[in-house]
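Dear colleague,

I am passing on a structure that you have not worked with before, and my notes on how its helices pack follow below it. Please read them with the structure open beside you.

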Amino acid sequence: MLSIQTIREQTAQVRQMLALRHASAPIDEILAADETRRSTLTQVEAMRKDRNDASKAIGTAKDPDERQRLIEAQRAVSGRLDTLEEE
């Protein structure tokens with residue numbers, strides 16, 4: 001079994017070795033799935049950072065209207081974050 005890092009970094013060599021062994025593998029599909037996963041993970045991490053920053057802002061907000069506005073904004077972000085985390 002090859003690591004995804006090896007497949008990602010040495011794609012040509014992996015294809016060559018598969019050909020020498022007369023084997024096949026969906027290399028393009030593997031790389032596409034890896035790219036999707038990495039992209040989603042980056043988005044999730046950025047949203048978590050934003051959520052943490054917003055939580056701090058909510059905690060320090062003095063104005064009740066501003067605090068409520070921040071809470072409502074976080075609810076929308078939270079729903080999107082939950083969806084991305086499931087992916």
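The axes of helix 2, which covers residues 11-20, and of helix 3 come within 11 Å and cross at roughly 150 degrees; please bear in mind that this is a predicted model. Since angles over 145 degrees count as roughly antiparallel, helix 2 is therefore roughly antiparallel to helix 3, and the crossing of the two is right-handed. On the side of helix 2 the contact is made by Thr-11, Val-14, Arg-15 and Leu-18, while helix 3 brings Ile-27, Asp-28 and Leu-31 to it. Sorted by character, the residues of this contact are 4 nonpolar, 1 polar and 2 charged.

Helix 3, running over residues 27-60, also meets helix 4, which spans residues 64-86; their axes come within 10 Å and cross at roughly 160 degrees. Helix 3 and helix 4 are therefore roughly antiparallel to each other as well, but here helix 3 passes helix 4 in a left-handed crossing. The residues of helix 3 that take part in this contact include Thr-40, Val-44, Met-47, Asp-50, Arg-51, Ala-54 and Ile-58, and those of helix 4 include Arg-67, Leu-70, Ile-71, Gln-74, Val-77, Leu-81 and Glu-85. Taken together, the residues of the contact between helix 3 and helix 4 divide into 10 nonpolar, 4 polar and 6 charged.

With best wishes

Methods
Residues are numbered from 1 along each chain as its sequence is written. This is a predicted model: local features need pLDDT of at least 70, side-chain atom pairs count only at pLDDT 80 or more; totals for chains, interfaces and linings use all residues. Side-chain values use heavy atoms; hydrogens and water are left out. Axes are lines fitted to C-alpha atoms, for helices over the stretch in contact, and angles run from 0 to 180 degrees between N-to-C directions. Helices (H or I, at least four residues) and strands (E, at least two) are DSSP runs, numbered from the N terminus. Angles under 35 degrees count as roughly parallel, over 145 as roughly antiparallel, 65 to 115 as roughly perpendicular and the rest as oblique. A crossing is left-handed if the near helix is turned anticlockwise from the far one by less than a right angle, and right-handed if clockwise. Contact means heavy atoms within 4.5 Å. Ala, Val, Leu, Ile, Met, Phe, Trp, Tyr, Cys and Pro count as nonpolar, Asp, Glu, Lys and Arg as charged, and the others, Gly among them, as polar.
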